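Please look over the sequence and the structure together before reading on. The paragraphs below move from the overall architecture to one helix and then to a single side chain.

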Amino acid sequence: MSITPINKLEPMQFLNQLNADNKTKNTQTDFRNIFSEAVSNVVDSETDLAREQYLFATGQSEDTHSLGIASSKAQISVDLLVTLRNKALESYNELMRINL
């Protein structure tokens, strides 16, 4: 039975990297990359969850805790994507309210 260590989430590492490279990149590209990274993280975590559910259902999983971890990772990645979307919509609506 092996224990898988918990690692930082990919989007958080990507945001830290953006802060360091902020002066060299175009902001439009950065914004697009944040969302594409969040979407790919959701897809990857959902794929891992489906694989863990299959292994658990067929009795091939030796460590049952990995199903709970995969489920939590999938939920957190979806929550992060929804939060990013909501903040982007709030920002857009605030810009639309500005009178010129």
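**From the whole chain to one leucine**

Read along the sequence, this predicted model follows the pattern α-α-α, and the protein accordingly has three helices and zero strands. Confidence is not uniform along the chain: the average pLDDT is 82, with 71% of the residues scoring at least 70, while the mean is lowest in helix 1 (residues 10-20), at 62, and highest in helix 3, at 93.

Of the 100 residues of the protein, 17% count as buried, and the exposed surface comes to about 7,800 Å², of which carbon and sulfur atoms supply 57%. Among the contacts with a separation of 6 or more, 59% are accounted for by residues 24 or more positions apart.

Helix 3, which runs over residues 65-96 and has 32 residues, reaches 47 Å from its first C-alpha to its last, a span close to the 46 Å expected at 1.5 Å a residue. The buried residues of this helix are S66, A70, A74, S77 and L80.

A closer look at one side chain may be useful here. L55 is found in helix 2 (residues 27-58), and because its relative accessibility is 21%, whereas buried would require a value under 20%, L55 counts as partly exposed. Leaving aside residues up to four places away in sequence, L55 touches Q60 and S61. The C-alpha atoms of L55 and L67, which lie twelve residues apart along the chain, are separated by 8.9 Å.

How values were computed. Residues are numbered from 1 along each chain as its sequence is written. This is a predicted model: local features need pLDDT of at least 70, side-chain atom pairs count only at pLDDT 80 or more; totals for chains, interfaces and linings use all residues. Side-chain values use heavy atoms; hydrogens and water are left out. Helices (H or I, at least four residues) and strands (E, at least two) are DSSP runs, numbered from the N terminus. The expected span of a helix is 1.5 Å times one less than its number of residues. Buried means under 20% relative accessible area, exposed over 50%, partly exposed in between (1.4 Å probe, protein chains only). Contact means heavy atoms within 4.5 Å. Accessible areas come from the Shrake-Rupley method with a 1.4 Å probe; for residues, only the protein chains shown count as cover. pLDDT is the predictor's confidence in each residue, from 0 to 100.
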